[in-house]
Every structure is written in structure tokens, then in C-alpha cells.
Amino acid sequence: MDRIIVKGGKPLQGKITVSGAKNAVLPVIVASLLAEGNCRIQDVPHLADVDTICGVLGELGASVNRADDNTLDLNCRDINKCEAPYEYVRKMRASVLVMGPLLGRLGRARISMPGGCAIGTRPIDLHLKGFEAMGVRISMDHGYIKAEAPKLTGARIYLDYPSVGATENIMMAAALAQGTTVIENAAEEPEIVDLANFINAMGGKVKGAGTNVIKIEGVKSLGGTVHNVIPDRIEAGSYLVAGAATGGNLLLENVIADHIKPVIAKLIEAGVEIYEEGSGIRVIAKNPIEAVDVKTLPYPGFPTDMQAQFMALMTIAQGTSIITETVFENRFMHAEELRRMGADIKIEGRSAVVEGVRQLNGAPVKASDLRAGAALIIAGLVAEGDTEITNVHHIDRGYDNIVGKLKAVGARITRE
Ligand SMILES: CC(=O)N[C@H]1[C@@H](OP(=O)(O)OP(=O)(O)OC[C@H]2O[C@@H](n3ccc(=O)[nH]c3=O)[C@H](O)[C@@H]2O)O[C@H](CO)[C@@H](O)[C@@H]1O
Ligand SMILES: C=C(OP(=O)(O)O)C(=O)O
């Protein structure tokens with residue numbers, strides 16, 4: 001099993017180019033199932049999750065080819081299966097997103113029921129309620145969800161919570177449904193906008209993405225297109241925090257500053273200097289970090305996917321920080337590992353009380369999920385001595401070449 005070893009104490013200096021966004025590329029790849037022509041996706045990051053979703057599309061009968069290092073060519077004209085098997089859904093929950101496009105294209109889908117994961121129970125009831133409103137019959141069958149839509153029709157759907165996945169899944173089914181679908185209380189994440197742009201470039205009619213009301217007029221068929229994936233705002237945020245924690249001077253390239261406003265605002269509040277430079281952002285940290293409170297919320301609030309990394313930063317801040325997680329019910333497993341490195345963190349229900357300490361100490365730790373892994377790397381970069389991180393397959397799901405990128409800006413980090 002691979003391990004990442006970090007020797008702390010070196011400020012990060014230099015330039016990092018941010019890759020295409022995991023949470024945008026996954027639904028975009030899935031949405032190519034809607035098209036009868038060729039889709040070319042550019043700025044595709046090298047991630048285990050991308051390999052997994054490509055595996056699912058291959059199972060369905062799609063042709064999937066890497067045209068070059070960052071470009072995927074997908075042709076889904078001849079898809080002939082409608083099942084996302086357990087072995088894929090188990091690895092990556094986003095596999096359930098094939099349900100919407102399969103209902104649109106074939107009128108049926110059979111998806112292994114996703115279980116909970118290290119950050120919460122993560123039900124998909126809102127996806128299913130939305131499909132039912134569109135005329136889909138849902139039944140359970142030996143651990144699989146069976147969905148059948150003799151006729152997929154547009155509907156007015158109010159989401160009890162602005163779920164990213166439910167908004168995407170319903171939007172994709174609606175793109176090929178008969179009539180108009182309106183999603184109210186929709187998620188507003190930039191990745192939703194990227195998906196809507198992709199569907200529209202294929203000939204779809206989606207309006208309002210990026211607001212909480214999205215209107216989708218169904219069309220008879222969709223064709224191929226070329227699409228560039230947006231930069232990964234969470235990868236960018238993770239490196240900004242790493243730069244800040246180490247007292248470094250880092251320039252991040254390929255960033256949309258607007259997408260990470262809440263992270264930038266919190267870093268500035270913590271005393272970090274942030275400058276926009278062309279299409280990049282520079283982070284400079286000279287002074288000690290000040291403790292700030294953070295509460296995760298759906299976009300445009302502070303992203304839950306940055307909570308663990310920010311907690312790592314707060315462990316060495318001056319003062320007490322209260323970090324409140326409202327999106328997932330169990331996303332504090334990294335706190336225990338950070339404590340092993342000398343952090344002072346108490347969990348009280350949905351909040352973590354972080355008392356800043358002078359110094360973290362390297363220790364053997366375990367990544368419980370993707371962002372927990374990133375948080376432990378950040379903690380390792382500032383700790384005294386060696387930090388050895390195991391379960392790094394979680395990190396591979398969502399960070400393109402994290403060891404290489406950090407090494408290039410001076411980090412003492414290796415993978416064994
Ligand atoms: C591949 C991808 O894009 N993943 C992101 C997506 O996950 P994902 O799409 O799974 O996240 P959701 O927005 O759906 O989930 C948010 C909350 O809603 C709950 N919920 C969701 C659906 C549902 O049917 N019922 C229900 O109760 C979830 O359990 C969770 O507590 O958005 C999350 C929230 O920004 C991010 O952390 C993930 O990185
Ligand atoms: C929780 C995340 O992803 P997923 O929804 O794919 O598990 C994440 O990216 O932090």
C-alpha cells in the first residue's frame with residue numbers, strides 16, 4: 001500500500017497550475033451519455049475518479065479514448081446497457097449520476113445502491129423523488145435501484161435541500177424529457193453551470209444554472225461537442241491553504257477567483273495576503289495565522305470540501321477557531337488524526353473547537369477521505385519531523401499529481 005511521507009518546515013515558494021475540476025469533469029463525462037455524436041472533453045485531470053467513471057461508461061457500451069494527456073474522446077451512440085454495477089458505485093458515489101442520462105436516452109437504469117461513506121450516510125432520495133415526479137417508476141432489487149420511464153416528462157421539482165448531485169441528475173434526465181422541467185431550490189455550484197454549458201453546447205436548452213431556479217426544456221436528441229472543464233476550485237483552495245500554513249509565497253495559475261471567494265475571504269480574515277495576478281492568485285503569508293470561525297454551506301457559502309484543509313490551518317493559528325459543518329453529518333474524522341500530530345481539537349456536535357498550538361509534530365496518520373488526506377498533507381508540511389500518511393488512494397481520487405506539484409514548489413514530500 002502506498003504512503004506519502006512529508007518532512008515539514010519548508011515554506012512553499014513558486015508556481016502551481018491547477019487542474020480541471022473533479023466535480024465538474026465527472027458529471028460532464030456522464031452527460032456525454034446523452035449525445036449521439038462525439039464529445040471531446042479537454043482539461044481532464046488525471047484522477048482515479050476519472051478512470052472509474054470512464055470504466056462505467058465503457059461497461060455501458062460507450063467508446064472512451066484518451067486523445068492526448070488531458071483530452072478525452074467519448075462516443076455514446078451505441079450504448080446498449082443500462083447498469084452501473086456495485087464494483088464502480090462502491091468506489092465512487094458519483095457513479096449514480098449515470099441514472100439521469102440513461103433514463104433520458106434509454107428510458108431505464110439499474111444502479112447499485114450507494115452506501116454511506118466516511119463523511120456521512122449520503123442518501124439519494126432527492127434524486128429519486130425528482131425522477132418520480134418525471135414519471136419514473138422506482139423499485140429496489142437485490143441492492144440495486146431499478147428505474148423505468150416508459151415516458152419521461154418534464155415536471156416542477158422542489159428540492160428539499162440544494163443537492164449538487166440531485167440537481168445534476170435531474171437536469172440530465174430533463175434534457176431529453178418531453179416538455180419543460182423546473183428545478184426549484186437547485187444547487188448553484190460552478191460545476192452545475194459547467195454541466196449546463198456542456199448540455200447546451202450539445203444542443204440542449206437549460207436556463208438559470210448558477211441560480212436556485214433552473215429551467216430545462218427537453219429536446220428530441222443531443223449531438224456531440226468540444227468542452228473545456230473549469231479549473232478545480234477545491235484543488236486551488238487546498239494549495240492556497242498550504243501556501244498560507246507554511247508561510248510561503250505561491251502563485252496559483254488557472255484559477256477562477258470568483259469560485260473561491262469564501263475561501264479567499266477567510267484567508268484574508270486570518271491575516272494572509274491574497275492578490276489576483278492575471279488568471280492566477282498569489283498567496284503570501286508572513287505573519288502568524290489568526291484564528292477565524294468557519295461554517296460550511298452550499299455554494300456560494302464556504303465549501304464543505306475545504307473544511308478539513310482549513311481545520312489543518314487553524315490548528316497552528318493564534319487563538320480559538322470554531323468550525324461548523326452543516327453539509328455532511330460526519331465530516332470530522334480528520335480531527336482525530338490531526339490530534340495525533342499534536343493539534344488541540346474538541347468535537348461538539350456539528351462543531352469543532354480548534355485551539356491553536358505553537359507546533360505540530362510529524363506522526364503516522366491515516367487519510368479517512370479525500371479532503372482529510374489533503375488536510376494531513378498540509379499539517380505534515382508545517383509539522384516538525386516526518387508525517388507518514390496511509391490510505392492515500394483517497395487522495396488519488398481527487399488530486400492530480402499532488403506530490404509532484406508540491407515538490408516543485410519546495411515541499412519535502414515523497415511517495416513510497
Ligand atoms: C462528485 C461531486 O460533485 N461531489 C460533491 C457533491 O456531492 P453530492 O452531490 O453527493 O452532495 P449533495 O449536495 O447531494 O449532498 C449534500 C447533503 O445533502 C444530502 N442529500 C443529498 C442528496 C439526497 O438525495 N439526499 C440528501 O439527503 C447529503 O447526504 C448531504 O448531507 O457536492 C458535495 C457538497 O458540496 C461535495 O462535498 C462533493 O464533493
Ligand atoms: C466528497 C467529495 O467527493 P465525492 O462526492 O466524490 O465523494 C469531495 O470531493 O470532497
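## Two domains and two ligand shells

The shell around ligand 2 is made up of 3 nonpolar, 2 polar and 3 charged residues, where Ala, Val, Leu, Ile, Met, Phe, Trp, Tyr, Cys and Pro count as nonpolar, Asp, Glu, Lys and Arg as charged, and the others, Gly among them, as polar. The model is predicted: local features need pLDDT of at least 70 and side-chain atom pairs count only at pLDDT 80 or more, whereas totals for chains, interfaces and linings use all residues. Residues are numbered from 1 along each chain as its sequence is written, and chains are lettered from A and ligands numbered from 1 in the order in which they are written.

Ligand 2 is surrounded by Asn-23, Arg-93, Ala-94, Ile-119, Asp-305, Leu-370, Arg-371 and Gly-398; a residue is near a molecule if its C-beta atom, placed from the backbone, lies within 6 Å of it. Because domain 1 (4-19 + 231-415) and domain 2 (22-228) both give residues to this shell, ligand 2 lies between them. The domain bounds come from an automatic or database domain assignment.

Around ligand 1 there are 21 residues, of which Asn-23, Leu-126, Ser-163, Val-164 and Gly-165 come nearest. The elements giving two or more residues to this shell are α1 (22-31), α5 (125-133) and α6 (164-175). Each of domain 1 and domain 2 supplies at least three residues to the shell around ligand 1.

The residue classes of the two shells, and of the side of domain 1 that touches domain 2, are set out below.

| Set | Nonpolar | Polar | Charged |
|---|---|---|---|
| Shell around ligand 1 | 11 residues | 6 residues | 4 residues |
| Shell around ligand 2 | 3 residues | 2 residues | 3 residues |
| Side of domain 1 that touches domain 2 | 5 residues | 7 residues | 8 residues |

The centres of domain 1 and domain 2, taken over C-alpha atoms, are separated by 30 Å. In all, 20 residues of domain 1 are in contact with 14 residues of domain 2, contact being a distance within 7 Å between C-beta atoms placed from the backbone. On the side of domain 1 that touches domain 2, helix α13 (residues 393-398) gives the most, with 4 residues.

The protein has 14 helices and 24 strands; helices (H or I, at least four residues) and strands (E, at least two) are DSSP runs, numbered from the N terminus. Of its 416 residues, 53% count as buried, that is, with 20 or more other C-beta atoms within 10 Å of their own, C-beta atoms being placed from the backbone. The C-alpha trace spans about 65 × 45 × 40 Å along its principal axes.

Note on methods
A residue is buried if 20 or more other C-beta atoms lie within 10 Å of its own, exposed if 12 or fewer, and partly exposed in between; C-beta atoms are placed from the backbone. Two residues are in contact if their C-beta atoms, placed from the backbone, lie within 7 Å.
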